[in-house]
Amino acid sequence: MAFKVFFDTNTILDLFYKERPLHKEALDLFYFLDENYFTAFYSESVLTTAAYILRKEIAPGKLNEILINLNKKIKLLPCFDFLPEKVLKDKPRDFEDALLYGIALQSKLDYFISNNLKDFKAFQLTELPVLNSSEFNKILVSGM
């Protein structure tokens, strides 16, 4: 199983906040990532947004260590220069979500992981399914 998946910001934040509904599933997801069941990707904006939110709870030195470790596990994808204009032409309700999805689609990834599925229904395509952590973990377990 060599899945290539994109993590959105919610997926990263679920890992660090125990009170979030899919925290345990995010922990399981990162266990599978550590065991090389799939390759994970995210964008610069996911990294910077997660860092911005986490800095309110985590000391700067510790946060830097966390971000370095995340970047060892998750590959950073660039935003292609034509994507913002292309995404905006479709008049998305949430530009950031549409742009992240566009990055993953352009990079030919297998799955887009978000624990905020309702925002992706408007533009999800069959070639890039959007799943939450729990759904993707079930796919990984069934393939073991």
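Helices here are DSSP runs of H or I spanning at least four residues, numbered from the N terminus. By that reckoning, in this predicted model, Thr11 sits in helix 1, and that helix is a handy place to start.

Helix 1 covers residues 9-16, and it is mostly covered itself, with six of its eight residues buried. Those six are Thr9, Thr11, Ile12, Leu13, Asp14 and Leu15. At the start of the helix, Asp8 lends a hand: one of its side-chain oxygens comes to within 3.2 Å of the backbone nitrogen of Asn10.

Thr11 deserves a closer look. Its relative accessible area is 0%, so Thr11 counts as buried, the cut-off being under 20%. Leaving aside residues up to four places away in sequence, Thr11 touches Ala26, Leu29, Phe30, Ile113, Ser114, Asn115 and Ser133. With one of these, Ile113, there is also a polar link, as the Thr11 side chain reaches the backbone oxygen of Ile113 at 3.1 Å.

Helix 1 also packs against helix 3, which runs over residues 44-54; the two axes come within 9 Å and cross at roughly 35°. The crossing is right-handed. On the helix 1 side, the contact is made by Thr9, Ile12, Leu13 and Phe16, while helix 3 brings in Val46, Thr49, Ala50, Ile53 and Leu54. Sorted by character, the residues of this contact come out as seven nonpolar and two polar, with no charged ones. Of the helix 1 residues involved, Thr9, Ile12 and Leu13 are among the buried ones.

Then there are the aromatic rings, which make ten pairs in total. Phe3 and Tyr111 meet edge-to-face, with 5.3 Å from centre to centre and 80° between the planes. This pair ties together distant parts of the chain, since Phe3 belongs to strand 1 (residues 3-7) and Tyr111 to strand 4 (residues 111-113), 108 residues apart. Both rings belong to buried residues. Another pair, Tyr101 with Phe112, is tilted instead, at 5.6 Å centre to centre and 50° between the planes. Here the link runs from helix 6 (residues 95-106), home of Tyr101, to Phe112 in strand 4, eleven residues apart. Tyr101 and Phe112 are buried too.

Some of the rings join up further: ring pairs connect Phe3, Phe7, Phe30, Phe38, Tyr111 and Phe136 into a cluster. One member of that cluster, Phe30, has already come up as a residue touched by Thr11.

Notes: Residues numbered from 1 in each chain as written. Predicted model: local features only at pLDDT ≥ 70, side-chain atom pairs only at ≥ 80, totals over all residues. Heavy atoms only, no water. Axes fitted to C-alpha atoms, helices over the stretch in contact; angles between N-to-C directions. Helix = DSSP H or I, 4+ residues; strand = E, 2+ residues; numbered from the N terminus. Left-handed = near helix turned anticlockwise from the far one by under 90°. Contact = heavy atoms within 4.5 Å. Nonpolar A, V, L, I, M, F, W, Y, C, P; charged D, E, K, R; others polar. Buried < 20%, exposed > 50% of the residue type's maximum accessible area, 1.4 Å probe, protein only. Polar contact = N/O pair within 3.5 Å; in protein donor to acceptor, adjacent residues only side chain to side chain. Phe/Tyr/Trp six-rings, centres within 6.5 Å; stacked < 30°, edge-to-face > 60°.
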